[in-house]
Amino acid sequence: ALPIWEISSHLTKMRVKRRKHAKKILAFYQNTFKLHEPYQVVVDGTFTQAALQTKINIKEQLPKYFGGEVVLITTQCVLAETKRLGSALYGALLILGHYQCRKCGHPRDKPTPAADCIKSIVGSLNE
C-alpha cells in the first residue's frame with residue numbers, strides 16, 4: 001500500500017494534467033471558433049440532472065473550468081422536455097429555471113426535442 005502523501009501527490013499531478021489538457025482544448029476552440037468571454041453555455045435537462053446527482057454546482061464550476069465569465073443558457077424546448085420527463089428530473093427543472101431562457105423560435109405547443117433545439121440555436125458556425 002502507498003503512503004497517504006504519495007497518493008495525495010499522485011492525485012495532485014493528475015489534476016494538473018487534466019487542467020492543462022482542458023486549457024489546451026479550450027484554446028483550440030477559442031482559436032478555431034473565435035470564442036470569447038462571456039462564454040455562453042447552453043445547458044439541457046440531462047446535463048443538469050447529472051451535475052445534480054454528482055453534486056456539482058454548474059454555475060460555480062464552469063467559470064473555473066473555462067477560466068472566465070460564463071452565461072448559462074437554456075431554451076423553452078429544453079424546459080418543456082425536462083418537464084415532460086417527469087418527477088425524476090424535477091430538481092434539474094428547478095435549476096434550469098434560474099438560467100437565462102433563449103427564445104428558439106419553435107412553437108410552444110409543439111416543442112422540438114432538446115438536442116435538435118440546441119443544434120438549431122447554436123448553428124453550424126457556433127455563432
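Here are some notes on a pocket, a helix and two buried residues in this structure.

1. Before anything else, keep in mind that this is a predicted model. Everything below is read from that model, with residues counted from 1 along each chain.

2. Let's start with the second largest pocket. Its volume comes out at about 550 Å³, and 18 residues line it. If you want to find the middle of the second largest pocket on screen, look for Arg19, Ala22, Gln61, Lys64 and Tyr65, which lie nearest its centre.

3. Which elements give two or more residues to the lining of the second largest pocket? They are helix 1 (4–33), helix 2 (45–53) and helix 3 (58–66). Helix 1 gives the most, with seven residues. As for chemistry, the lining of the second largest pocket has ten nonpolar residues, along with five charged and three polar ones.

4. Next, helix 6, which covers residues 114–122. Ala114, Cys117 and Ile118 are buried there. Why do they sit on the same side of helix 6? Because they cover an arc of only 95° around the axis.

5. What do the buried residues of helix 6 pack against? Their partners are strand 1 (39–42), strand 2 (70–75) and helix 4 (76–84). After helix 6 comes Gly123, and its phi is positive, near 80°.

6. Helix 4 is also where you will find Gln76. Is Gln76 buried or exposed? It is buried: its relative accessible area is 17%, and the cut-off for buried is under 20%.

7. The side chain of Gln76 has a partner, too. A polar contact of 3.2 Å links it to the side chain of Arg108. Setting aside residues up to four places away in sequence, Gln76 touches Cys101, Arg102, Cys104, His106 and Arg108. So Arg108 appears both in that list of contacts and in the polar contact, given that contact means heavy atoms within 4.5 Å.

8. Last, Ala51, which belongs to helix 2, one of the elements that help line the second largest pocket. Ala51 is buried, at a relative accessible area of 8%. Leaving out neighbours within four places in sequence, Ala51 is in contact with Ile56 and Ile58.

9. One more distance to check on your screen: how far apart are the C-alpha atoms of Ala51 and Ala92? The separation is 8.7 Å, while along the chain these two are 41 residues apart.

Definitions and conventions:
Predicted model: local features only at pLDDT ≥ 70, side-chain atom pairs only at ≥ 80, totals over all residues. Heavy atoms only, no water. 1 Å grid on protein atoms, 1.4 Å probe; cavity = no way out; pocket = protein on both sides within 12 Å on 5 of 7 lines; lining within 4 Å. Points joined across faces, edges and corners; volume = space filled by probe spheres on them. Helix = DSSP H or I, 4+ residues; strand = E, 2+ residues; numbered from the N terminus. Nonpolar A, V, L, I, M, F, W, Y, C, P; charged D, E, K, R; others polar. Buried < 20%, exposed > 50% of the residue type's maximum accessible area, 1.4 Å probe, protein only. Arc of directions from axis to C-beta. Polar contact = N/O pair within 3.5 Å; in protein donor to acceptor, adjacent residues only side chain to side chain.
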